[in-house]
Amino acid sequence: MFKLLIAEDVKTIRETLVRAIPWQALGITLLGAVENGEEVLAWLDREEPDLLLTDIGMPKMNGLELIETVKARNPDIRYIILSGLSEFEHARQALKLQVLDYVLKPIDPVEIERVVSRAVEVLHKEREERRKLTVAEHATKVELPYLSDTLPQGEWYGSLKKTKLVEQAIQYMKEEFTRRELTLADVAASVGLSEKYLNLLFKEITSMTINHWIIRLRMEEAGRLLKDPAIKIYEICDRIGYTDQDHFRENFKKQFGLTPTEYRNKFL
């Protein structure tokens, strides 16, 4: 079982997270749910979790500041962020802090279960890697793979170098995501890795695939553009690299829970 601590300043959300999620069935021991970052730090003096589920917008110390502080004390603790739409661009910066995933508000218990299940898989894998390979990691010089489709999946390449490669891939996608023909092959070539290995590495670090990340970037840009009523929806569709408005509408609703029109109407 992995230990989890919740940090959420809104009482109703905090109580929903405690009561509506079958934590034990997910392989999680819920340590508790606190209101802010200061309470998290006080808790760490007594007991450290394996996983921290934290809101971004909290008083006294926001979620990213909390993660930076906790990471300095224990780099092995992993994180899931809760964020509102207005905070999401800020939340994406947290990849370098080893954030495993993001959950957009309003929270959906089913989505929380999916995200936590993925996190547990990552924690299991990391625990096994540390058990087998920590000594080897410090004793040998790590060489990164270059354009090979035959890499042994369990080979250890060093978490810092893995994260650096993923950050480079994300930077490339941020610069190119509006290009209609952007593919996994393009992203892989930008960092000098095979498509197969990069996708495995990217999913290990972010719990998402390359294609999912591209879609997320496009949908976030669409959300930004939709706030300007002067820009037609079909123009937004074209700007973010979509030719099919139905496909765009479907992906947008999956991410935001609203159609583009419904989302725009919130800001009129």
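A residue is buried when its relative accessible area is under 20%, exposed when over 50%, and partly exposed in between (1.4 Å probe, protein chains only). The model is predicted: local features need pLDDT of at least 70, side-chain atom pairs count only at pLDDT 80 or more, and totals for chains, interfaces and linings use all residues. Residues are numbered from 1 along each chain as its sequence is written, and side-chain values use heavy atoms, without hydrogens and water.

**Exercise 1. Take stock of the chain.**
Task: State what share of the residues is buried, and count the helices and strands.

Solution.
- Step 1. The chain has 268 residues, and 47% of them count as buried.
- Step 2. Helices (H or I, at least four residues) and strands (E, at least two) are DSSP runs, numbered from the N terminus.
- Step 3. The chain holds 12 helices and five strands.

**Exercise 2. Lay out the sheet.**
Task: Give the strand order, then explain what sets S2 and S5 apart as edge strands.

Solution.
- Step 1. Two strands pair if DSSP finds at least two bridges between them.
- Step 2. The five strands make an open sheet with parallel pairing, ordered S2-S1-S3-S4-S5.
- Step 3. S2 (28-34) and S5 (99-104) are at the edges; each has a single partner strand, so one side of each lacks a neighbour in the sheet.
- Step 4. From one strand to the next, the twist averages 20°. Axes are lines fitted to C-alpha atoms, for helices over the stretch in contact, and angles run from 0 to 180 degrees between N-to-C directions.
- Step 5. S1 (residues 2-7) is joined to S2 by six bridges. Opposite Leu4 stands Leu30 in S2.
- Step 6. Helix H2 (residues 37-44) packs on this sheet and touches S1, S2 and S3 (51-55). Its direction makes about 130° with that of S2. Contact means heavy atoms within 4.5 Å.

**Exercise 3. Place Val120.**
Task: Decide whether Val120 is buried or exposed, and find which residues it touches.

Solution.
- Step 1. Val120 lies in helix H5 (residues 109-139).
- Step 2. Its relative accessible area is 7%, so Val120 is buried.
- Step 3. Leaving out residues up to four places away in sequence, Val120 touches Phe2, Leu26 and Ile28.
- Step 4. Gly27 is 93 residues away along the chain, yet the two C-alpha atoms are separated by 7.2 Å.

**Exercise 4. Find the partner of Lys162.**
Task: Name the residue whose side chain makes a polar contact with Lys162.

Solution.
- Step 1. Lys162 sits in helix H6 (residues 159-176).
- Step 2. Lys162 has 2% relative accessibility, so it counts as buried.
- Step 3. A polar contact is a pair of N or O atoms within 3.5 Å; within protein, one must be able to donate a hydrogen and the other to accept it, and residues adjacent in sequence count only if both atoms are side-chain atoms.
- Step 4. The partner is Glu204, at 3.0 Å between the side chains.
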